Amino acid sequence: MALVNEHYLKLAAGYLFPEIARRVAEFTASHPEHAREVIRCGIGDVTEPLPPSAVRAMQQATAELADRATFKGYGPGTGYESVRAAIAEGDFRSRGIAVADDEIFLSDGSKGDCGNILEILGTGNRIAVSDPVYPAYVDANVMFGNTGAALAGGGYEGILYLPATEANGFLVDVPDASAAAPDIIYLCSPNNPTGTVMDRTRATRWVEYARAHRSIIFWDAAYEAYNRGDAPKSIFEIAGARECAVEFRSFSKSGGFTGVRCGYTVVPKELKAYTRAGDAVALHPLWTRRWNTRSNGVSYAVQRGAEALYTVDGRREVAALVDHYMENARILREGCAAAGLRTWGGEHAPYVWCRVPDGLDSWGFFDHLLRQARVVTTPGAGFGRCGEGYFRISAFNSRANVEEVVRRMRALLAR
Ligand code: MLT
């Protein structure tokens, strides 16, 4: 008899973004006359073409694969050396952060990595996440068996939810000294969904907390390219983080790779977890072992495309792409404020977080905006209990669409 992974049966609802897509499909099926008017600012999916440097590098790589003299088969599971070196130099050492080439592990994106890494830690770790939170962290831990049952009203038994609220500026702080310390702490900065950015003082407190409790921080920096202020771009800017943190990065939102698929994880050699007997075990060799056994890595052409983002031209093109979405975020932030909404984020992040107008909950406002303005957003409740009463707008869109969204929202909210 084949057994099923019963942890999957605990999952309370479908994944958030397919649920949004389902509601939009239902609306367009019942109102086909409005289907073409719908503007999607729900899932954070890029809209602009790939940087030309990445396109050229991928075309060149494909040409190499088409020629017997330059053909390549399996590559190293953890990534080609030149690509790992370009990343370690470009994102870290050139900014004064010590990261070795072989501490970079290429993957198909950080969404997978933030769940896959649980494999080398096993079950039984107590997980902490912010609330609201990017739902992939929670669902991965449910699937893996790190939680109990779904709770009435949202969330899962056994997860420590750290409320991110207006009161703390949507930035989570370390738990009280009296509370049982979590073993794994997911932190995302710039934050998805609230668009807020963790300051250096808080990040330092988290590193000190993790070291004191022998916990590990999973620092999701998928939106790092949007952080142009003084806040840490990498957790490894904080002294001591190499002993207590893993960092996830993605080319999805910097190089527009949501469809291409490439990201990477940084696992420092100093990082350790513990056996139940209390013996320290380095995680770098385990993660290397995991990759070499479970994957043959990212495709050659995609890796070459990612590497090209670190050339002089590639950097300029990425900056232009990020500028485009950042200007969209400014237009959305200011437009929502002018429409009378309270907003957060959108200054060093591609997401604007808004308070739902009085009288509606976040799914109610989602439906109202969809039906009355034909604008798709993401309801805050989809990110957790503390997201109720808020909604997220993604700045990943064309300029024309973003301007139209602001026009429609202002008209709707002025009624
Ligand atoms: C989001 O919209 O939160 C993300 O882009 C979706 C994802 O990365 O999975």
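## A turn after helix α5

Which residue just after α5 takes a positive phi? In this predicted model, the residue that does so is Gly-145, whose phi is about 95 degrees.

The helix that precedes Gly-145, α5, spans residues 135-144, and its buried residues are Tyr-137, Val-138, Asp-139, Ala-140, Asn-141 and Val-142. The cover over these buried residues includes helix α4 (110-116) together with the strands β3 and β5.

## The seven-stranded sheet

Strands β3 and β5 also belong to an open sheet of seven strands, which follow one another in the order β2-β8-β7-β6-β5-β3-β4 with mixed pairing. Because β2 (104-107) and β4 (160-163) each have a single partner strand, they stand at the edges, and one side of each is left without a neighbour in the sheet. From one strand to the next, the twist averages 25 degrees.

Within this sheet, β3 (residues 127-131) and β5 (residues 184-188) run parallel and are joined by two bridges; Ala-128, for example, has Ile-185 of β5 as its bridge partner.

## Ile-217 in strand β6

Strand β6 covers residues 216-220 and contains Ile-217. A residue is classed as buried when 20 or more other C-beta atoms lie within 10 Å of its own, and Ile-217 therefore counts as buried, with 24 C-beta neighbours inside 10 Å.

When residues up to four places away in sequence are not counted, Ile-217 touches Ile-185, Leu-187, Trp-206, Ala-210, Ile-235, Cys-244 and Ala-245. Val-207 lies ten residues from Ile-217 along the chain, and the C-alpha atoms of the two are separated by 7.6 Å.

## The four-stranded sheet and helix α9

A further open sheet consists of four strands in the order β11-β12-β15-β14, with antiparallel pairing. Its edge strands, β11 (343-345) and β14 (378-379), each pair on one side only. Between β12 (residues 351-355) and β15 (residues 390-394), the antiparallel pairing extends over five bridges, and Arg-355 has Tyr-390 in β15 as its bridge partner. Helix α9 packs on this sheet, where it touches β11, β12 and β15, and the direction of α9 makes about 10 degrees with that of β12.

Helix α9 (residues 312-338) also meets helix α11 (residues 399-414), their axes coming within 9 Å and crossing at roughly 5 degrees. That angle makes α9 roughly parallel to α11. On the α9 side the contact involves Asn-328, Ile-331, Leu-332, Gly-335, Cys-336 and Ala-338, while α11 contributes Arg-399, Val-402, Glu-403, Val-405, Val-406, Met-409 and Arg-410. By class, the residues of this contact are eight nonpolar, two polar and three charged.

## Phe-365 in helix α10

Phe-365 is part of helix α10, which runs over residues 362-373. It counts as buried because 22 C-beta neighbours lie inside 10 Å. Leaving aside the neighbours within four places in sequence, Phe-365 is in contact with Val-356, Pro-357, Leu-360 and Phe-391. By contrast with these contacts, the C-alpha atoms of Phe-365 and Ala-221, which are 144 residues apart along the chain, are separated by 29 Å.

## Around the ligand

The ligand is surrounded by Ile-43, Gly-44, Lys-111, Tyr-134, Ala-136 and Asn-192. By class, this shell is made up of three nonpolar, two polar and one charged residues.

Note on methods: Residues are numbered from 1 along each chain as its sequence is written. This is a predicted model: local features need pLDDT of at least 70, side-chain atom pairs count only at pLDDT 80 or more; totals for chains, interfaces and linings use all residues. A residue is near a molecule or strand if its C-beta atom, placed from the backbone, lies within 6 Å of it. Ala, Val, Leu, Ile, Met, Phe, Trp, Tyr, Cys and Pro count as nonpolar, Asp, Glu, Lys and Arg as charged, and the others, Gly among them, as polar. Two strands pair if DSSP finds at least two bridges between them. Axes are lines fitted to C-alpha atoms, for helices over the stretch in contact, and angles run from 0 to 180 degrees between N-to-C directions. Angles under 35 degrees count as roughly parallel, over 145 as roughly antiparallel, 65 to 115 as roughly perpendicular and the rest as oblique. Two residues are in contact if their C-beta atoms, placed from the backbone, lie within 7 Å. A residue is buried if 20 or more other C-beta atoms lie within 10 Å of its own, exposed if 12 or fewer, and partly exposed in between; C-beta atoms are placed from the backbone.
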